[in-house]
Amino acid sequence: MKNKYFVPFVLLTSLFFLWGFAHNLNPILIPHLKKACQLTDFQSALIDSAFFVAYFVMAIPAGMVMKKYGYKIGIIAGLITFAIGAFLFVPAANTRVFAFFLTALFVIASGLTFLETAANPYMTVLGEPEGATQRLNFAQSFNGLAASIAPKIGGMFILSGVTLSDTEIARMSVEQLNTYLDTEASAVKMPYIVIGVIVLVVAAILYKTNLPEVTEDAHEINMSGGSQSIWRHSHLTWGVIAQFFYVGAQVCVSSFFIRYLYQTAQIDEKSAADYLAIALLGFMIGRFVGTFLMRFISPNRLLAIYSALCIVLLAIIVLNGGMMSVYGLIGVEFFMSIMFPTIFSLSVQSLGEETKLGSSLVIMAIVGGAIFPLIMGRVSDVSNIQTAYVVPLACFVVVLYFGVRGYKVKRMTNLE
(Lines give C-alpha, C1' and ligand atoms only; values in the text may rest on other atoms or scores of the structure.)
Protein backbone atom coordinates (compact mmCIF):
# COMPACT_ATOMS: atom_id res chain seq x y z
CA MET A 1 0.00 0.00 0.00
CA LYS A 2 1.28 3.45 -0.85
CA ASN A 3 2.35 5.54 2.15
CA LYS A 4 -0.11 8.33 1.29
CA TYR A 5 -2.93 5.86 1.85
CA PHE A 6 -1.79 4.59 5.27
CA VAL A 7 -3.55 7.15 7.50
CA PRO A 8 -6.82 7.03 5.50
CA PHE A 9 -6.65 3.23 5.69
CA VAL A 10 -6.35 3.32 9.49
CA LEU A 11 -9.19 5.84 9.89
CA LEU A 12 -11.46 3.97 7.51
CA THR A 13 -10.73 0.71 9.33
CA SER A 14 -11.98 2.32 12.58
CA LEU A 15 -15.34 2.92 10.87
CA PHE A 16 -15.67 -0.81 10.20
CA PHE A 17 -15.32 -1.34 13.95
CA LEU A 18 -17.98 1.27 14.79
CA TRP A 19 -20.69 -0.04 12.52
CA GLY A 20 -19.83 -3.64 13.45
CA PHE A 21 -20.50 -2.75 17.07
CA ALA A 22 -23.85 -1.14 16.25
CA HIS A 23 -24.94 -4.04 14.06
CA ASN A 24 -24.16 -6.65 16.68
CA LEU A 25 -26.08 -5.03 19.50
CA ASN A 26 -29.25 -6.03 17.63
CA PRO A 27 -29.09 -9.69 18.76
CA ILE A 28 -29.06 -8.32 22.31
CA LEU A 29 -31.88 -5.85 21.65
CA ILE A 30 -34.15 -8.53 20.17
CA PRO A 31 -34.59 -10.64 23.35
CA HIS A 32 -34.34 -7.52 25.52
CA LEU A 33 -37.05 -5.48 23.80
CA LYS A 34 -39.10 -8.65 23.40
CA LYS A 35 -39.39 -8.55 27.20
CA ALA A 36 -39.53 -4.79 27.69
CA CYS A 37 -42.20 -4.25 25.02
CA GLN A 38 -43.89 -7.68 25.35
CA LEU A 39 -43.44 -8.84 21.76
CA THR A 40 -43.84 -12.06 19.75
CA ASP A 41 -40.88 -13.52 17.80
CA PHE A 42 -42.31 -12.00 14.62
CA GLN A 43 -42.68 -8.56 16.24
CA SER A 44 -39.17 -8.71 17.72
CA ALA A 45 -37.83 -9.41 14.20
CA LEU A 46 -39.04 -5.91 13.25
CA ILE A 47 -35.92 -4.67 15.06
CA ASP A 48 -33.86 -6.10 12.21
CA SER A 49 -36.39 -4.91 9.64
CA ALA A 50 -36.29 -1.28 10.83
CA PHE A 51 -32.51 -1.44 10.85
CA PHE A 52 -31.90 -3.03 7.48
CA VAL A 53 -34.70 -1.41 5.51
CA ALA A 54 -32.76 1.83 6.03
CA TYR A 55 -30.03 0.43 3.80
CA PHE A 56 -32.53 -0.04 1.00
CA VAL A 57 -34.06 3.42 1.44
CA MET A 58 -30.83 5.35 1.94
CA ALA A 59 -28.25 3.57 -0.24
CA ILE A 60 -29.00 5.49 -3.46
CA PRO A 61 -29.17 8.91 -1.68
CA ALA A 62 -25.87 8.01 0.01
CA GLY A 63 -24.32 7.17 -3.36
CA MET A 64 -25.55 10.46 -4.79
CA VAL A 65 -23.97 12.38 -1.91
CA MET A 66 -20.67 10.55 -2.47
CA LYS A 67 -20.78 11.34 -6.17
CA LYS A 68 -21.46 15.05 -5.63
CA TYR A 69 -19.47 15.80 -2.47
CA GLY A 70 -16.98 12.96 -2.17
CA TYR A 71 -16.28 10.22 0.35
CA LYS A 72 -15.23 12.44 3.25
CA ILE A 73 -18.46 14.46 3.42
CA GLY A 74 -20.47 11.26 3.07
CA ILE A 75 -18.63 9.62 5.95
CA ILE A 76 -19.04 12.63 8.26
CA ALA A 77 -22.74 12.89 7.40
CA GLY A 78 -23.10 9.21 8.20
CA LEU A 79 -21.38 9.54 11.57
CA ILE A 80 -23.56 12.49 12.62
CA THR A 81 -26.72 10.62 11.63
CA PHE A 82 -25.47 7.54 13.49
CA ALA A 83 -25.00 9.63 16.66
CA ILE A 84 -28.48 11.19 16.41
CA GLY A 85 -30.03 7.73 16.19
CA ALA A 86 -28.10 6.57 19.26
CA PHE A 87 -29.33 9.54 21.30
CA LEU A 88 -32.93 8.80 20.24
CA PHE A 89 -32.79 5.68 22.40
CA VAL A 90 -33.25 7.91 25.44
CA PRO A 91 -36.79 9.16 24.60
CA ALA A 92 -37.63 5.70 23.24
CA ALA A 93 -36.72 4.09 26.58
CA ASN A 94 -38.54 6.80 28.55
CA THR A 95 -41.80 6.19 26.68
CA ARG A 96 -41.34 2.42 26.18
CA VAL A 97 -43.07 2.72 22.81
CA PHE A 98 -41.71 0.05 20.44
CA ALA A 99 -42.21 2.28 17.38
CA PHE A 100 -39.82 4.86 18.89
CA PHE A 101 -37.13 2.19 19.26
CA LEU A 102 -37.67 1.21 15.64
CA THR A 103 -37.32 4.86 14.59
CA ALA A 104 -34.04 5.20 16.49
CA LEU A 105 -32.71 2.04 14.85
CA PHE A 106 -33.77 3.28 11.41
CA VAL A 107 -31.86 6.55 11.95
CA ILE A 108 -28.75 4.68 13.17
CA ALA A 109 -28.84 2.40 10.15
CA SER A 110 -29.32 5.38 7.82
CA GLY A 111 -26.04 6.74 9.12
CA LEU A 112 -24.37 3.36 8.73
CA THR A 113 -25.57 3.21 5.12
CA PHE A 114 -23.51 6.32 4.37
CA LEU A 115 -20.50 4.81 6.13
CA GLU A 116 -20.70 1.49 4.32
CA THR A 117 -21.46 3.03 0.94
CA ALA A 118 -18.29 5.10 1.30
CA ALA A 119 -15.90 2.87 3.21
CA ASN A 120 -16.37 -0.40 1.31
CA PRO A 121 -15.53 0.94 -2.18
CA TYR A 122 -12.94 3.29 -0.69
CA MET A 123 -11.06 0.25 0.64
CA THR A 124 -11.17 -1.51 -2.73
CA VAL A 125 -9.40 1.41 -4.46
CA LEU A 126 -7.12 2.50 -1.61
CA GLY A 127 -4.12 0.72 -3.03
CA GLU A 128 -3.26 -1.70 -5.82
CA PRO A 129 -6.30 -3.30 -7.49
CA GLU A 130 -5.03 -6.88 -7.15
CA GLY A 131 -5.09 -6.53 -3.36
CA ALA A 132 -8.65 -5.12 -3.18
CA THR A 133 -10.39 -8.22 -1.82
CA GLN A 134 -7.68 -8.91 0.76
CA ARG A 135 -7.65 -5.26 1.82
CA LEU A 136 -11.41 -5.19 2.28
CA ASN A 137 -11.40 -8.47 4.20
CA PHE A 138 -8.67 -7.14 6.49
CA ALA A 139 -10.66 -3.98 7.26
CA GLN A 140 -13.80 -6.06 7.74
CA SER A 141 -11.86 -8.14 10.29
CA PHE A 142 -12.18 -5.18 12.66
CA ASN A 143 -15.88 -5.26 11.99
CA GLY A 144 -15.62 -8.84 13.23
CA LEU A 145 -13.67 -7.69 16.31
CA ALA A 146 -16.52 -5.32 17.17
CA ALA A 147 -19.00 -8.12 16.54
CA SER A 148 -17.29 -10.30 19.14
CA ILE A 149 -17.21 -7.50 21.74
CA ALA A 150 -20.72 -6.06 21.27
CA PRO A 151 -22.73 -9.05 22.60
CA LYS A 152 -20.51 -9.29 25.69
CA ILE A 153 -20.85 -5.59 26.49
CA GLY A 154 -24.53 -5.59 25.59
CA GLY A 155 -25.11 -8.64 27.76
CA MET A 156 -23.39 -6.92 30.69
CA PHE A 157 -25.09 -3.53 30.49
CA ILE A 158 -28.42 -4.20 28.76
CA LEU A 159 -29.60 -7.72 29.60
CA SER A 160 -30.87 -8.13 33.17
CA GLY A 161 -30.82 -11.92 33.18
CA VAL A 162 -34.41 -11.89 34.48
CA THR A 163 -36.91 -13.62 32.20
CA LEU A 164 -40.39 -13.96 33.71
CA SER A 165 -42.80 -16.66 32.62
CA ASP A 166 -46.33 -15.86 31.52
CA THR A 167 -47.55 -17.20 34.85
CA GLU A 168 -45.24 -14.93 36.84
CA ILE A 169 -46.30 -11.91 34.78
CA ALA A 170 -49.99 -12.76 35.32
CA ARG A 171 -49.45 -12.71 39.10
CA MET A 172 -47.98 -9.19 39.08
CA SER A 173 -50.02 -6.07 39.69
CA VAL A 174 -50.19 -3.43 36.95
CA GLU A 175 -47.82 -1.22 38.95
CA GLN A 176 -45.31 -4.05 39.49
CA LEU A 177 -45.39 -5.00 35.84
CA ASN A 178 -44.84 -1.41 34.67
CA THR A 179 -41.94 -1.00 37.08
CA TYR A 180 -40.34 -4.19 35.77
CA LEU A 181 -40.85 -3.21 32.13
CA ASP A 182 -39.61 0.38 32.69
CA THR A 183 -36.46 -0.96 34.36
CA GLU A 184 -35.83 -3.29 31.43
CA ALA A 185 -36.37 -0.53 28.84
CA SER A 186 -34.16 1.99 30.67
CA ALA A 187 -31.15 -0.32 30.51
CA VAL A 188 -30.46 0.73 26.91
CA LYS A 189 -30.08 4.44 27.61
CA MET A 190 -26.54 4.75 28.93
CA PRO A 191 -24.90 2.34 26.41
CA TYR A 192 -26.39 4.25 23.48
CA ILE A 193 -25.50 7.65 24.94
CA VAL A 194 -21.88 6.49 25.18
CA ILE A 195 -21.99 5.20 21.60
CA GLY A 196 -23.37 8.54 20.36
CA VAL A 197 -20.62 10.53 22.08
CA ILE A 198 -17.84 8.28 20.71
CA VAL A 199 -19.22 8.53 17.18
CA LEU A 200 -19.29 12.33 17.36
CA VAL A 201 -15.66 12.36 18.52
CA VAL A 202 -14.65 10.20 15.55
CA ALA A 203 -16.58 12.54 13.22
CA ALA A 204 -14.65 15.52 14.60
CA ILE A 205 -11.30 13.75 14.07
CA LEU A 206 -12.19 12.84 10.50
CA TYR A 207 -13.31 16.41 9.81
CA LYS A 208 -9.84 17.64 10.79
CA THR A 209 -8.06 14.92 8.77
CA ASN A 210 -7.10 15.21 5.12
CA LEU A 211 -8.62 12.25 3.26
CA PRO A 212 -7.58 11.97 -0.39
CA GLU A 213 -10.46 11.69 -2.85
CA VAL A 214 -9.58 8.52 -4.72
CA THR A 215 -10.97 8.16 -8.23
CA GLU A 216 -11.96 4.62 -9.17
CA ASP A 217 -11.17 4.94 -12.86
CA ALA A 218 -7.53 5.50 -11.98
CA HIS A 219 -7.33 1.77 -11.34
CA GLU A 220 -10.18 0.28 -13.31
CA ILE A 221 -11.35 0.03 -16.87
CA ASN A 222 -14.27 2.24 -17.75
CA MET A 223 -17.15 -0.11 -18.57
CA SER A 224 -19.96 2.39 -18.23
CA GLY A 225 -20.86 2.26 -21.90
CA GLY A 226 -22.34 5.75 -21.86
CA SER A 227 -25.97 5.70 -20.74
CA GLN A 228 -26.37 1.92 -20.75
CA SER A 229 -27.99 0.19 -17.80
CA ILE A 230 -25.60 -0.83 -15.04
CA TRP A 231 -27.46 -4.14 -14.84
CA ARG A 232 -25.69 -5.25 -18.02
CA HIS A 233 -22.88 -6.34 -15.68
CA SER A 234 -24.12 -9.81 -14.79
CA HIS A 235 -21.61 -10.25 -11.97
CA LEU A 236 -23.01 -7.12 -10.32
CA THR A 237 -26.58 -8.38 -10.73
CA TRP A 238 -25.74 -11.71 -9.16
CA GLY A 239 -23.69 -9.92 -6.52
CA VAL A 240 -26.71 -7.84 -5.48
CA ILE A 241 -28.84 -11.01 -5.32
CA ALA A 242 -26.18 -12.92 -3.37
CA GLN A 243 -25.69 -10.06 -0.91
CA PHE A 244 -29.47 -9.86 -0.39
CA PHE A 245 -29.63 -13.53 0.57
CA TYR A 246 -26.34 -13.51 2.50
CA VAL A 247 -27.24 -10.59 4.75
CA GLY A 248 -30.64 -12.18 5.34
CA ALA A 249 -28.91 -15.39 6.42
CA GLN A 250 -26.37 -13.61 8.61
CA VAL A 251 -28.99 -11.60 10.45
CA CYS A 252 -31.21 -14.66 10.93
CA VAL A 253 -28.35 -16.73 12.36
CA SER A 254 -27.20 -14.05 14.82
CA SER A 255 -30.50 -12.43 15.78
CA PHE A 256 -32.19 -15.63 16.93
CA PHE A 257 -29.02 -17.11 18.44
CA ILE A 258 -29.98 -16.29 22.04
CA ARG A 259 -33.57 -17.48 21.52
CA TYR A 260 -32.29 -20.72 19.96
CA LEU A 261 -29.97 -21.49 22.87
CA TYR A 262 -32.72 -20.76 25.39
CA GLN A 263 -35.30 -22.96 23.68
CA THR A 264 -33.18 -25.89 22.52
CA ALA A 265 -30.35 -26.04 25.09
CA GLN A 266 -32.01 -24.32 28.09
CA ILE A 267 -29.24 -21.73 28.33
CA ASP A 268 -30.26 -18.47 30.07
CA GLU A 269 -30.01 -15.17 28.21
CA LYS A 270 -26.84 -13.85 29.88
CA SER A 271 -24.99 -17.14 29.29
CA ALA A 272 -26.38 -17.26 25.76
CA ALA A 273 -25.01 -13.75 25.17
CA ASP A 274 -21.59 -15.06 26.23
CA TYR A 275 -21.89 -17.90 23.73
CA LEU A 276 -22.87 -15.36 21.07
CA ALA A 277 -19.76 -13.34 21.93
CA ILE A 278 -17.68 -16.50 21.43
CA ALA A 279 -19.42 -17.19 18.12
CA LEU A 280 -18.74 -13.67 16.90
CA LEU A 281 -15.14 -13.95 18.08
CA GLY A 282 -15.02 -16.92 15.73
CA PHE A 283 -16.50 -14.64 13.07
CA MET A 284 -13.61 -12.22 13.60
CA ILE A 285 -11.00 -14.99 13.54
CA GLY A 286 -12.63 -16.31 10.39
CA ARG A 287 -12.04 -12.96 8.69
CA PHE A 288 -8.32 -13.06 9.45
CA VAL A 289 -8.07 -16.73 8.46
CA GLY A 290 -10.01 -16.05 5.27
CA THR A 291 -7.78 -13.11 4.38
CA PHE A 292 -4.75 -15.37 4.80
CA LEU A 293 -6.28 -18.23 2.79
CA MET A 294 -7.00 -15.88 -0.11
CA ARG A 295 -3.27 -15.84 -0.78
CA PHE A 296 -3.65 -19.45 -1.91
CA ILE A 297 -7.35 -19.86 -2.79
CA SER A 298 -9.26 -17.53 -5.10
CA PRO A 299 -11.90 -15.43 -3.27
CA ASN A 300 -14.82 -16.91 -5.22
CA ARG A 301 -13.70 -20.48 -4.53
CA LEU A 302 -13.27 -19.82 -0.82
CA LEU A 303 -16.72 -18.20 -0.79
CA ALA A 304 -18.20 -21.33 -2.38
CA ILE A 305 -16.44 -23.67 0.09
CA TYR A 306 -17.59 -21.65 3.10
CA SER A 307 -21.16 -21.48 1.78
CA ALA A 308 -21.30 -25.25 1.38
CA LEU A 309 -20.02 -25.75 4.93
CA CYS A 310 -22.68 -23.37 6.28
CA ILE A 311 -25.38 -25.38 4.49
CA VAL A 312 -24.14 -28.61 6.09
CA LEU A 313 -23.94 -27.10 9.58
CA LEU A 314 -27.40 -25.54 9.35
CA ALA A 315 -28.84 -28.89 8.28
CA ILE A 316 -27.41 -30.35 11.50
CA ILE A 317 -28.85 -27.43 13.50
CA VAL A 318 -32.34 -27.94 12.05
CA LEU A 319 -32.27 -31.70 12.70
CA ASN A 320 -30.62 -31.69 16.14
CA GLY A 321 -30.93 -29.60 19.28
CA GLY A 322 -28.73 -29.35 22.34
CA MET A 323 -25.07 -28.47 22.56
CA MET A 324 -24.22 -30.05 19.20
CA SER A 325 -26.29 -27.38 17.50
CA VAL A 326 -24.79 -24.65 19.67
CA TYR A 327 -21.36 -25.60 18.37
CA GLY A 328 -22.84 -25.81 14.87
CA LEU A 329 -24.06 -22.20 15.14
CA ILE A 330 -20.61 -21.09 16.27
CA GLY A 331 -19.20 -22.85 13.20
CA VAL A 332 -21.66 -21.06 10.91
CA GLU A 333 -20.54 -17.70 12.31
CA PHE A 334 -16.92 -18.62 11.52
CA PHE A 335 -17.68 -19.58 7.92
CA MET A 336 -19.92 -16.54 7.29
CA SER A 337 -17.00 -14.28 8.13
CA ILE A 338 -15.61 -13.60 4.66
CA MET A 339 -18.90 -13.49 2.79
CA PHE A 340 -19.98 -9.84 2.90
CA PRO A 341 -16.66 -8.27 1.84
CA THR A 342 -15.95 -11.02 -0.67
CA ILE A 343 -19.36 -10.72 -2.34
CA PHE A 344 -18.96 -6.94 -2.30
CA SER A 345 -15.52 -6.83 -3.91
CA LEU A 346 -16.40 -9.48 -6.52
CA SER A 347 -19.59 -7.55 -7.35
CA VAL A 348 -17.96 -4.16 -8.00
CA GLN A 349 -14.84 -5.38 -9.80
CA SER A 350 -14.22 -3.82 -13.22
CA LEU A 351 -17.09 -1.32 -12.95
CA GLY A 352 -14.84 1.69 -13.56
CA GLU A 353 -16.64 4.99 -13.06
CA GLU A 354 -19.81 3.08 -12.18
CA THR A 355 -18.23 1.76 -8.98
CA LYS A 356 -20.05 4.21 -6.70
CA LEU A 357 -23.43 3.36 -8.21
CA GLY A 358 -22.65 -0.36 -8.15
CA SER A 359 -21.57 -0.02 -4.54
CA SER A 360 -24.88 1.63 -3.66
CA LEU A 361 -26.81 -1.23 -5.27
CA VAL A 362 -24.85 -3.87 -3.35
CA ILE A 363 -25.41 -1.91 -0.13
CA MET A 364 -29.12 -1.70 -0.94
CA ALA A 365 -29.14 -5.50 -0.99
CA ILE A 366 -28.56 -5.39 2.76
CA VAL A 367 -32.37 -5.02 2.91
CA GLY A 368 -32.33 -8.82 2.96
CA GLY A 369 -31.62 -8.39 6.65
CA ALA A 370 -35.03 -6.72 6.99
CA ILE A 371 -36.99 -9.44 5.20
CA PHE A 372 -35.63 -12.86 6.10
CA PRO A 373 -35.76 -12.42 9.92
CA LEU A 374 -39.49 -11.68 9.59
CA ILE A 375 -39.91 -14.91 7.63
CA MET A 376 -37.85 -16.76 10.24
CA GLY A 377 -39.82 -15.18 13.09
CA ARG A 378 -43.09 -16.24 11.51
CA VAL A 379 -41.82 -19.79 10.99
CA SER A 380 -40.71 -19.84 14.63
CA ASP A 381 -44.10 -18.62 15.88
CA VAL A 382 -45.99 -21.33 13.96
CA SER A 383 -43.48 -24.13 14.61
CA ASN A 384 -40.30 -23.59 16.65
CA ILE A 385 -37.02 -21.73 16.48
CA GLN A 386 -35.10 -24.88 15.53
CA THR A 387 -37.16 -25.50 12.40
CA ALA A 388 -36.92 -21.80 11.54
CA TYR A 389 -33.18 -22.14 10.87
CA VAL A 390 -34.08 -23.70 7.52
CA VAL A 391 -34.52 -20.08 6.33
CA PRO A 392 -30.79 -19.13 6.46
CA LEU A 393 -29.93 -22.59 5.11
CA ALA A 394 -31.88 -21.81 1.92
CA CYS A 395 -30.17 -18.41 1.66
CA PHE A 396 -26.70 -19.94 1.57
CA VAL A 397 -27.64 -21.96 -1.52
CA VAL A 398 -27.83 -18.68 -3.45
CA VAL A 399 -24.47 -17.54 -2.06
CA LEU A 400 -22.97 -20.86 -3.14
CA TYR A 401 -24.16 -20.27 -6.70
CA PHE A 402 -22.58 -16.81 -6.77
CA GLY A 403 -19.24 -18.26 -5.64
CA VAL A 404 -19.37 -20.97 -8.30
CA ARG A 405 -20.71 -19.08 -11.34
CA GLY A 406 -22.39 -15.76 -10.63
CA TYR A 407 -19.17 -13.86 -9.85
CA LYS A 408 -17.79 -14.14 -13.39
CA VAL A 409 -17.34 -10.78 -15.14
CA LYS A 410 -19.28 -10.57 -18.39
CA ARG A 411 -21.75 -8.20 -20.02
CA MET A 412 -25.46 -8.83 -19.73
CA THR A 413 -27.82 -8.09 -22.59
CA ASN A 414 -28.68 -4.39 -22.51
CA LEU A 415 -31.76 -4.07 -20.28
CA GLU A 416 -32.68 -0.53 -21.25
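In this predicted model, F372, I375, M376 and V379 in helix α19 meet V391, P392 and C395 in helix α21. The residues that form this contact divide into seven nonpolar, no polar and no charged. Two packed helices are described by the angle between their axes and the distance between the axes. For α19, which covers residues 368-382, and α21, which covers residues 390-406, the angle is about 145° and the axes lie 9 Å apart. The spacing of the contact residues can be read with a simple rule in mind: an α-helix has 3.6 residues a turn, so residues three or four places apart point the same way.

## Enclosed and open spaces

The structure holds one cavity of 30 Å³ or more, and about 270 Å³ of space lies in the largest cavity. Of the 19 residues that line this cavity, H23, N24, F52, N143 and Q250 are the closest to its centre. Several helices take part, since α1 (6-23), α2 (26-36), α4 (46-69), α8 (132-157) and α12 (234-255) each supply at least two residues of the lining. Among the contributors, α12 gives the most, with six residues.

The largest pocket has a volume of about 460 Å³. It is lined by 16 residues, and those that lie nearest its centre are K34, K35, T163, L164 and R259. Here α2, α9 (166-171), α10 (174-186) and α13 (257-265) each supply at least two lining residues, and α2 is also named among the helices that supply at least two residues to the lining of the largest cavity. The table sets out the residue classes of the two linings.

| Lining | Nonpolar | Polar | Charged |
|---|---|---|---|
| Largest cavity | eight residues | eight residues | three residues |
| Largest pocket | eight residues | three residues | five residues |

## Helix α2 and the residue Q38

How many of the residues of α2 are buried? The helix is mostly covered, with eleven of its eleven residues buried. The buried residues are N26, P27, I28, L29, I30, P31, H32, L33, K34, K35 and A36, and K34 and K35 are thus residues of a covered helix that also lie nearest the centre of the largest pocket, together with T163, L164 and R259.

After α2 comes Q38, whose phi is positive, near 55°. Q38 is a residue other than glycine with this positive value, and its place is in the loop between α2 and α3 (41-44). Q38 counts as partly exposed because its relative accessibility is 44%, a value that lies between the limits of 20% for buried and 50% for exposed.

## R96, a second residue with positive phi

R96 has a positive phi of about 55° although it is not a glycine. It is found in the loop between α6 (89-95) and α7 (98-125). Is R96 buried or partly exposed? At 22% relative accessibility, R96 counts as partly exposed, because buried means under 20% relative accessible area.

Leaving aside residues up to four places away in sequence, R96 touches A36, C37, F101, N178, L181, D182 and A185. One of these, A36, belongs to the buried residues of α2. With two of its neighbours the side chain of R96 makes polar contacts: the side chain of N178 is reached at 3.3 Å, and the side chain of D182 at 2.8 Å. A comparison of sequence and space can be made with S148, which is 52 residues from R96 in sequence and 28 Å from it in space, C-alpha to C-alpha.

## G85 and helix α18

G85 lies in helix α5, which spans residues 71-87. Because its relative accessible area is 0%, G85 is buried. Apart from residues up to four places away in sequence, G85 touches A104, V107 and I108.

G85 and T355 are 270 residues apart in sequence and 28 Å apart in space, C-alpha to C-alpha. T355 is one of the buried residues of α18, a helix of residues 355-364 that is mostly covered, with nine of its ten residues buried. The other buried residues of α18 are K356, G358, S359, S360, L361, V362, I363 and M364.

How values were computed. Residues are numbered from 1 along each chain as its sequence is written. This is a predicted model: local features need pLDDT of at least 70, side-chain atom pairs count only at pLDDT 80 or more; totals for chains, interfaces and linings use all residues. Side-chain values use heavy atoms; hydrogens and water are left out. Axes are lines fitted to C-alpha atoms, for helices over the stretch in contact, and angles run from 0 to 180 degrees between N-to-C directions. Helices (H or I, at least four residues) and strands (E, at least two) are DSSP runs, numbered from the N terminus. Contact means heavy atoms within 4.5 Å. Ala, Val, Leu, Ile, Met, Phe, Trp, Tyr, Cys and Pro count as nonpolar, Asp, Glu, Lys and Arg as charged, and the others, Gly among them, as polar. Buried means under 20% relative accessible area, exposed over 50%, partly exposed in between (1.4 Å probe, protein chains only). A polar contact is a pair of N or O atoms within 3.5 Å; within protein, one must be able to donate a hydrogen and the other to accept it, and residues adjacent in sequence count only if both atoms are side-chain atoms. On a 1 Å grid over the protein atoms alone, a cavity is a set of points where a 1.4 Å probe fits but cannot get out, and a pocket is an open set with protein on both sides within 12 Å along at least five of seven lines; lining residues have an atom within 4 Å of a point. Grid points are joined across faces, edges and corners, and a volume is the space filled by probe spheres set on the points.
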